[in-house]
Amino acid sequence: MPDVSLDYPYLLVLAAVLPVLAALVLRRAYTQRRARLNRLGTMDVISRIIPPNTLVRPGWRMVRLGVAGSLVGVAVAGPRWGDEHTVIRSRGIDMVLALDASLSMLAQDERPSRLERMKEEVRRLRALSPGDRIGVQAFAGRSYVLSPLTIDEGALDLFLDNLDPSVVGQPGTSMARTIHQGVDLLTLTNSGADRALIVMSDGEDWEPLEDVEAEARRANQQGISVVTVGFGTTQGTTIPMKNPDGSPTLKKDENGSTVITNYHPEFLKGAADAAGGTFVPAEATDKAARVKSALATLRTQARSSLGGETKTPRYQLFLFPALLLLLLDTLLIERRGHRAPRSAAQTAAAAGVLLMLSLNGCARLTRSQQAATAYHHGQYTQAASLYRDAIAAGDKSAEALYNFGTALVAADSNASAVDALRSLTDIKKDELRFRTLFNLGLAHLKPGLASPPGDQSGELDSTLAIYKKALLMRPNDMDAKWNYELALRQKQKGGGGGGGGGGGGGSSAPPRQHSPQPQGGLGQQQAEQLLGSAAREERDVQSKRQKQNRTEPPPGGKDW
């Protein structure tokens, strides 16, 4: 049963009111007409000089107009069901925002604080750059990537709202490290768009200026535009803090003296000059517009993304039948009154046009049904072609993209299937996300099992990584465990074979099916042991990373 919603639920009462009104009007008209004819003479005489159908009771007409009125009442209420995804197309650059989250950014020489002013400028910059892919770094004594390059505004807002000195953990300020990490993050992208690194800070750095300039020159050599933005005042101010009991206090240094933090433009200007970039001083107004102006000459790249998710409007499924019933009623009335046949023909033509429009509106559904039927009959290539036609006709829903990718997997068009399914791996619907991960892993697993020993294509590594994500969602799914085991055995130079198939999503999705399991495969308990071993390996990797990121004391004991 689909989840149905109404745009205007209070108008649904019209579905009951309109049929009653139609019946009352028709009955009153019939009664008045009969009364007028009775005044002209007896009905035996009158019936000979009027059309034979004039006094026919309006029973069937009441039914026709009543059903039409009820359908119109439902249509104007705005029924919706099924999911619809909006595809947003835009152009933009790749941009990394390196944001200072050290304690000195809590200073209030800019209201309400340096940190909050920086956040405001970031939000304004994002509003001016709707098509840009943006990554976010937070830095203090170390630099951390909070978000990879993305156009997901929700994720960026989440990281920005929660940005404070506790995010980084290690006190101090190291601008050279954040420039180095920002350059590495940008060099990993191959979107074709130009790249920019935006460093926002008060410039109070505790490392040599030469180190910062060296990293900035490296960014210039990699073709990355650098823009530095300052916050604070050269006069400086204290840093508000809180005691463990919550009472306010001021930041003290190691000698117990109150810390005065100052804005240091020399570090920010030196980095910009070394990279051949742009420096926006702290006293400048409209910093976001100045940053956008500095990046105006960069080459953009066309890109698309899934926008908001809403339920699909279905009012036309009620409105078109109502219009057809009204046209049919008009046609029958004209015949009853012996009107000119040309007018009746015109009415029939209009009904035919509306019928064609109705069928055209349902063409997307028909193509999807045909594709599902072809998939059921094992005609996977034809099913993929039909799903492609449905998408080209305007069906951009996640279910349509998933069904298209699933049909491609079944047709062994694995490279195309990877392209189709990859865009759905972050979808919010858990069921569809799991099935997408399952079939995406299968699209990598098939060529991985068929590859010769020693192949370096990375298909099996991709398979293992994807099925790890799937198993985190459903640890007890036997098909996912089995396919993970197959990939692991092949990577360890074991036997190969076919993997389990994925399921269909949506109302017309293909059914879930399983390929035969290979002979000599491991049992369920052994597969779970392999999965547990992989989980322990992942924990070891994370543990090593945490040891590498252990807190180091800032230079000179300066931790702000």
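Let me start with two helices in this predicted model: helix α6, residues 175-187, and helix α7, residues 209-221, have axes that come within 8 Å and cross at roughly 15°. Angles under 35 degrees count as roughly parallel, and α6 and α7 are therefore described as roughly parallel to each other. As for the hand of the crossing, α6 passes α7 in a left-handed sense. If you would like to find the contact on the screen, look on the α6 side for M175, A176, I179, H180, V183 and D184, which meet D211, V212, E215, A216, R218 and A219 of α7.

Now I would like to turn to strand β3, which covers residues 94-100 and is mostly covered, with seven of its seven residues buried. Its side chains divide into two sets, in that D94, V96, A98 and D100 point one way while M95, L97 and L99 point the other way, and the residues of both sets are buried.

Which strands does β3 pair with? One partner is strand β4, residues 133-139, which pairs with β3 in the parallel sense over seven bridges, and within that pairing D94 has R133 as its bridge partner. Another is strand β6, residues 195-201, which runs parallel to β3 and is joined to it by six bridges; here L97 stands opposite I198.

Finally, on the connection between β3 and β4, helix α4, residues 114-128, belongs together with these two strands to a β-α-β unit, and that unit is right-handed.

Conventions
Residues numbered from 1 in each chain as written. Predicted model: local features only at pLDDT ≥ 70, side-chain atom pairs only at ≥ 80, totals over all residues. Heavy atoms only, no water. Buried < 20%, exposed > 50% of the residue type's maximum accessible area, 1.4 Å probe, protein only. Helix = DSSP H or I, 4+ residues; strand = E, 2+ residues; numbered from the N terminus. Pairing = 2+ DSSP bridges. Right-handed = clockwise from strand over helix to strand, strands pointing away. Axes fitted to C-alpha atoms, helices over the stretch in contact; angles between N-to-C directions. Parallel < 35°, antiparallel > 145°, perpendicular 65-115°, else oblique. Left-handed = near helix turned anticlockwise from the far one by under 90°. Contact = heavy atoms within 4.5 Å.
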